[in-house]
Amino acid sequence: MARFYRLSIEPNLFGGISLVRTWGRIGGASRTKIEMFDASAAAATSFTGIARSKCRRGYLLQAKIG
């Protein structure tokens, strides 16, 4: 099954940080979950934990800068 899982850390309109999780099948509908954090350190910790978990399940980690 061709699937994807995307994580991103983005600023939100309330002055905090949001961890945006998007997943689904490639070419199909996707789902999104947004978690809000007050501090960027907490968002980064959550990001790292989720990324490690997904890598253990077979997802490939790709980094995009810029």
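**Figure 1. Ile34, an exposed residue of strand β3.** In this predicted model, Ile34 is exposed, with a relative accessible area of 52%, and its place is in strand β3. Exposed here stands for a relative accessible area over 50%, so the 52% of Ile34 puts this residue in that class. When residues up to four places away in sequence are not counted, Ile34 touches Ser18, Leu19 and Val20. The C-alpha atoms of Ile34 and Ser18 are 6.4 Å apart in space, although these two residues are 16 residues apart in sequence.

**Figure 2. A nonpolar patch on the surface that includes Ile34 and Phe14.** Leu13, Phe14, Ile34 and Met36 make a nonpolar surface patch of about 570 Å². One of these residues, Phe14, sits in the loop between β1 (3-11) and β2 (17-25), whereas Ile34 belongs to strand β3. Phe14 is exposed, and its relative accessible area is 71%. For the protein chain as a whole, about 5300 Å² is exposed, and carbon and sulfur atoms supply 55% of that area.

**Figure 3. The overall arrangement of the protein chain.** The protein chain has 1 helix and 3 strands, and these elements follow the pattern β-β-β-α when read along the sequence. Taken along the principal axes, the box filled by the C-alpha atoms is roughly 40 × 25 × 20 Å. Of the 66 residues in the protein chain, 30% are buried. Among the contacts with a separation of 6 or more, 27% are between residues 24 or more positions apart.

**Figure 4. The largest nonpolar core.** In soluble globular proteins, nonpolar side chains tend to be buried together. The largest nonpolar core of this model has 9 residues in all, namely Tyr5, Leu7, Ile17, Leu19, Phe37, Ala43, Ile50, Ala51 and Tyr59. Two or more residues of this core come from each of the elements β1, β2 and α1, and α1 gives the most, with 3 residues. One of the core residues, Ile50, touches Tyr5, Leu7, Leu19, Arg21 and Glu35, once residues up to four places away in sequence are not counted.

**Figure 5. The aromatic cluster of Tyr5, Trp23 and Tyr59.** The structure holds 2 aromatic pairs, and Tyr5, Trp23 and Tyr59 form one aromatic cluster. In the pair of Tyr5 and Trp23, the ring centres are 5.8 Å apart and the planes are at 15°, so this pair is stacked. Because Tyr5 lies in strand β1 and Trp23 in strand β2, the pair ties together parts that are 18 residues apart in sequence. Trp23 has a relative accessibility of 27% and therefore counts as partly exposed. The rings of Tyr5 and Tyr59 have their centres 5.9 Å apart, with their planes at 65°, so that pair is edge-to-face. Tyr59 lies in the segment after α1 and Tyr5 in strand β1, so the edge-to-face pair ties together parts that are 54 residues apart in sequence. Both Tyr5 and Tyr59 are buried.

**Figure 6. The salt bridge between Arg21 and Glu35.** The count of salt bridges in the model comes to 1. The side chains of Arg21 and Glu35 meet in this salt bridge, with a distance of 2.8 Å from N to O. The pair links distant parts of the chain, with Arg21 in strand β2 and Glu35 in strand β3, 14 residues apart. Arg21 is buried, at a relative accessible area of 17%. Both Arg21 and Glu35 are also among the residues touched by Ile50.

**Figure 7. Ser46 in helix α1.** Ser46 is found in helix α1, which covers residues 40-56. Buried means under 20% relative accessible area, and Ser46 is therefore buried, with its value of 19%. With its neighbours within four places in sequence left aside, Ser46 is in contact with Leu19, Glu35 and Phe37. Of these contacts, Leu19 and Phe37 are also members of the largest nonpolar core, while Glu35 is the salt-bridge partner of Arg21.

**Figure 8. Gly27 in the loop between β2 and β3.** The place of Gly27 is in the loop between β2 and β3 (30-37). Gly27 counts as exposed, because its relative accessibility is 85%. From C-alpha to C-alpha, Gly27 and Ile9 are 24 Å apart in space, and they are 18 residues apart in sequence.

Methods
Residues are numbered from 1 along each chain as its sequence is written. This is a predicted model: local features need pLDDT of at least 70, side-chain atom pairs count only at pLDDT 80 or more; totals for chains, interfaces and linings use all residues. Side-chain values use heavy atoms; hydrogens and water are left out. Patches are made of residues with over 30% relative accessible area and no salt bridge: like charges are joined within 9 Å, nonpolar side chains (Val, Leu, Ile, Met, Phe, Trp, Tyr) within 5 Å. Accessible areas come from the Shrake-Rupley method with a 1.4 Å probe; for residues, only the protein chains shown count as cover. A salt bridge is a side-chain nitrogen of Lys or Arg within 4 Å of a carboxyl oxygen of Asp or Glu. Helices (H or I, at least four residues) and strands (E, at least two) are DSSP runs, numbered from the N terminus. Buried means under 20% relative accessible area, exposed over 50%, partly exposed in between (1.4 Å probe, protein chains only). Contact means heavy atoms within 4.5 Å. A nonpolar core is a set of buried Ala, Val, Leu, Ile, Met, Phe, Trp, Tyr and Cys residues joined through side-chain atoms within 4.5 Å. Rings of Phe, Tyr and Trp (its six-membered ring) pair if their centres lie within 6.5 Å; planes under 30 degrees apart count as stacked, over 60 as edge-to-face and the rest as tilted.
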